[in-house]
Amino acid sequence: MTETILVIIGYVVFHLILLVGLILNPTGLSGNLLIVINALVFSIIDKFERIPIWLLAVFLVFSGIGEAVEYFSSVVGSKKFGASNISIVFMLIFMIAGGILGASFTFGIGALIGAIIGAFLGALIGELISKKDFQKAFQAGTGAFMGRIVAWVVKTAIGIVMVFVILLLVWLK
């Protein structure tokens, strides 16, 4: 009886961590890495009967790709629209802060909105500090906004696919 309760609690925690991983992606944090670590812990407990180690390695690679896309799409988007280096720094700081603040107001969607607005405002403020030209600052903010959208779509798509495959393997075997 006690063992059954522990198994149920383990499955609940496992699924909650998968959900948290998906929710972290819009904030600019490594939600996909959390998903991979969660699947690894499950696999170790399960003796790799449902999720093979090679698949975890593939997930880890895609998690890294998602992180690289997130960084480069925001930076490239901002640079393409003329952002300075200080704007990039402000964009990254405000993006993370906005995601965390947004997550505290609404569940999931607030993190996405906060990160996107944070990226835009960070690039805008950074550009105003460095050049004091509102039009160029607004363009840099727009580039950060567009780069953030691309990053969110890529990271979230990777996370959704990983969670879907993990759940299929866990529940169909």
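Reader: Which residues make the nonpolar surface patch of about 830 Å²?

Author: In this predicted model, the patch is made by Leu 40, Ile 44, Phe 48, Ile 53, Trp 54, Val 58, Val 61, Phe 62 and Ile 65.

Reader: Which helices each supply at least two residues of the patch, and which gives the most?

Author: Both α2 (31–45) and α3 (53–80) do so. The most comes from α3, with six residues. Ile 44 lies in helix α2.

Reader: How should one approach the nonpolar side chains of the interior?

Author: In soluble globular proteins, nonpolar side chains tend to be buried together. Here, the largest nonpolar core has 16 residues, and Ile 51, Phe 59 and Ile 166 have the most contacts inside it. Two or more residues of this core are given by each of α1 (2–24), α2, α3 and α6 (134–172). The largest share, six residues, comes from α6.

Reader: What is Ile 166 in contact with, leaving aside its neighbours within four places in sequence?

Author: Ile 166 contacts Phe 14, Leu 18, Ile 35, Ala 39, Ile 51 and Phe 59. Apart from the largest core lies another, of ten residues, among them Val 75, Met 95, Ala 123 and Ala 140.

Reader: Is Ser 87 buried or exposed?

Author: A residue is called buried when its relative accessible area is under 20%. Ser 87 has 1% relative accessibility and therefore counts as buried. This serine is found in helix α4 (residues 85–105). Leaving aside neighbours within four places in sequence, Ser 87 is in contact with Gly 122, Ala 123, Gly 126 and Glu 127.

Technical notes:
Residues numbered from 1 in each chain as written. Predicted model: local features only at pLDDT ≥ 70, side-chain atom pairs only at ≥ 80, totals over all residues. Heavy atoms only, no water. Patch = residues over 30% accessible without salt bridge, like charges linked within 9 Å, V, L, I, M, F, W, Y side chains within 5 Å. Areas by Shrake-Rupley, 256 points an atom, 1.4 Å probe, with all protein chains shown as cover. Salt bridge = Lys/Arg side-chain N within 4 Å of Asp/Glu carboxyl O. Helix = DSSP H or I, 4+ residues; strand = E, 2+ residues; numbered from the N terminus. Buried < 20%, exposed > 50% of the residue type's maximum accessible area, 1.4 Å probe, protein only. Contact = heavy atoms within 4.5 Å. Core = buried A, V, L, I, M, F, W, Y, C linked by side-chain atoms within 4.5 Å.
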